[in-house]
Structures are given as C-alpha cells and as structure tokens.
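Have the model open in your viewer and the sequence to hand. We'll go through it a piece at a time.

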Amino acid sequence: MEFGFSEVFLLDRWLQGEGDGSDLAKVSRAAAEWGAADLMHWLRDHNRTSGHALRFAGLDLPEADGAFRPALEPVAVYLREVEPDALPLVDAVLEISDRFLKGCGPGATAAPAWAGLETAEQNELTVTLARLLLGLCAVQLLYVSRSSQTRFDIVERQVEAACHIDYMFRAGNARKYRGRAY
C-alpha cells in the first residue's frame with residue numbers, strides 16, 4: 001500500500017493482534033487520521049478470526065517523503081544490538097534533520113527547510129547517510145551473523161529510504177537554484 005515502509009512494521013504487528021485493539025492512533029497516527037482506520041480495524045478483526053491472516057506492507061518513503069526519523073529510529077535500535085559504535089552516524093543525521101524539520105510537515109514543506117541549511121550541513125547530511133549505508137554493506141555478513149538476513153535487509157532498506165529523501169531534497173533544490181520552478 002502507499003504507506004511509509006518504515007512506519008508499517010509497527011502497524012503490521014498491531015494488525016496481527018499485538019497490543020490493544022483501541023490503540024491504532026498510538027501505533028500509526030497516519031492510519032488513524034488519514035481515513036484508513038476502518039480498513040485497519042477490519043484487517044485486525046479479519047486476522048483474529050480467519051485462518052488466513054493478511055499482512056500489511058508499505059512501499060513509500062517515510063512520512064510523506066519528508067522525515068528521516070521514521071526510517072532511522074529502527075536503524076538505531078538495530079545498531080544498538082549489532083554494532084553500537086555505528087550509532088554516532090545515525091545520531092548525526094537525526095540531529096541535523098530534527099533541526100531543519102522542526103515544525104515541518106510532509107516533503108512539500110520539508111524540502112524548502114532543507115534548502116535553508118548551510119551548504120556544509122547539507123553536505124554533512126548526505127555524506128553521513130552515504131557512510132551509514134556503505135558501512136552496512138561493508139559488514140553485512142557480520143551484522144547478519146549477529147541478527148538475521150531479514151532484519152539486515154529491512155534496516156538496509158530503511159537507510160536507503162533516508163538516502164532517497166536526502167537526494168530528493170538535493171535534486172529538487174538544484175532545479176530551484178538553476179532558475180526553474182521548484
């Protein structure tokens with residue numbers, strides 16, 4: 001479904017019966033507020049009563065293409081388990097993104113906020129995300145041995161999503177700076 005890839009994991013566990021049936025808004029504000037609450041409750045009830053449980057998967061970038069935190073918080077949890085020394089990279093990205101995304105909503109308002117960063121901070125964000133992704137790939141076998149291939153694959157996709165958000169901001173603003181409409 002067109003839903004944030006990272007945000008869907010908590011929601012899917014709820015749909016499989018985890019937690020209280022009335023706490024959808026705590027599990028997924030997006031599902032509760034964007035007109036999907038009835039569908040989510042139906043799916044949860046279906047999974048509770050059917051022999052054929054349905055899974056829920058998201059394929060979109062986090063929080064309408066504008067936020068790093070939904071993609072990177074689960075990465076931080078994973079790294080605490082498999083490689084705590086890599087956490088400063090996640091922390092650096094979140095520190096920068098929290099500063100420029102404060103008060104922003106989806107990508108349409110986040111992109112201009114990114115453009116307000118100093119060039120050095122924009123570059124630091126891009127380089128740090130690249131280091132995080134390359135570091136994951138470089139030690140994949142070690143991380144898989146400390147967790148599982150499935151968990152590693154999910155974390156790798158979450159870091160890739162953060163890289164795509166950064167690229168989207170950079171590419172969109174590059175067009176703006178060349179005198180074209182954003």
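What follows is a walk from the overall fold down to single residues and their partners.

Keep in mind from the start that this is a predicted model. The protein chain is built from 10 helices and zero strands, so if you list its elements from the N terminus on, you just get α-α-α-α-α-α-α-α-α-α. There are 182 residues in the protein chain, and 42% of them are buried. The accessible surface comes to about 10,100 Å², with carbon and sulfur atoms holding 56% of that. As for how the chain folds back on itself, take the contacts with a separation of 6 or more: 69% of them are between residues 24 or more positions apart.

Let's start with a pair of helices. Helix 1 covers residues 8-15 and helix 4 covers 37-49. Their axes are 8 Å apart and the two pack at an angle of about 50 degrees. Why is helix 1 called oblique to helix 4? An angle of about 50 degrees is not under 35 degrees, where roughly parallel ends, and it does not reach the 65 to 115 range of roughly perpendicular, so it counts as oblique. To see who does the touching, pick Leu11, Trp14 and Leu15 on helix 1; they meet Met40, His41, Leu43, Arg44 and Asn47 on helix 4.

Now move to the loop between helix 4 and helix 5, where you'll find alanine 57 and glycine 58. Is glycine 58 buried or exposed? Its relative accessible area is 9%, so it is buried, the cut-off being under 20%. Leaving aside neighbours within four places in sequence, glycine 58 is in contact with Met1, Phe3, Gly4, Phe5 and Val8. Its C-alpha is also 9.9 Å from that of leucine 11, although 47 residues separate the two in sequence. Alanine 57 tells a related story: with residues up to four places away not counted, alanine 57 touches Met1 and Val8. The C-alpha atoms of alanine 57 and serine 6 are separated by 9.4 Å, and these residues are 51 apart along the chain.

Met1 turned up in both contact lists, so it deserves a look of its own. Methionine 1 lies in the segment before helix 1 and is partly exposed, at 47% relative accessible area. Together with Leu39, Trp42 and Leu54, Met1 makes a nonpolar surface patch of about 390 Å².

Next, the charges. Side chains of opposite charge can pair when their charged atoms come close. How many salt bridges does the structure hold? There are 11. One of them joins arginine 55 to aspartate 12, at 2.4 Å from N to O. This pair links distant parts of the chain, since arginine 55 is in the loop between helix 4 and helix 5 (69-82) while aspartate 12 is in helix 1, 43 residues apart. The two ends sit in contrasting surroundings: arginine 55 is exposed at 66% relative accessibility, whereas aspartate 12 is buried at 5%.

Another pair is glutamate 83 with arginine 146, whose closest N and O atoms are 3.1 Å apart. It too links distant parts of the chain: glutamate 83 is in the loop between helix 5 and helix 6 (87-101), arginine 146 is in helix 9 (residues 140-146), and their positions lie 63 residues apart. Glutamate 83 has a relative accessible area of 19%, which means it counts as buried, given that the limit is under 20%. Arginine 146, at 43%, is partly exposed.

Arginine 13 and glutamate 18 form a salt bridge as well, with 3.7 Å between the closest N and O atoms. Here arginine 13 is partly exposed at 38% and glutamate 18 is partly exposed at 47%. For a linked set, look at Arg69, Glu73 and Asp98, which are joined in a network of salt bridges.

Finish toward the other end of the chain, with glycine 172 in helix 10 (residues 149-177). Glycine 172 is buried, with a relative accessible area of 3%. Its C-alpha and that of alanine 115 are separated by 9.4 Å, with the two residues 57 apart along the chain.

Conventions
Residues numbered from 1 in each chain as written. Predicted model: local features only at pLDDT ≥ 70, side-chain atom pairs only at ≥ 80, totals over all residues. Heavy atoms only, no water. Salt bridge = Lys/Arg side-chain N within 4 Å of Asp/Glu carboxyl O. Helix = DSSP H or I, 4+ residues; strand = E, 2+ residues; numbered from the N terminus. Buried < 20%, exposed > 50% of the residue type's maximum accessible area, 1.4 Å probe, protein only. Patch = residues over 30% accessible without salt bridge, like charges linked within 9 Å, V, L, I, M, F, W, Y side chains within 5 Å. Areas by Shrake-Rupley, 256 points an atom, 1.4 Å probe, with all protein chains shown as cover. Axes fitted to C-alpha atoms, helices over the stretch in contact; angles between N-to-C directions. Contact = heavy atoms within 4.5 Å.
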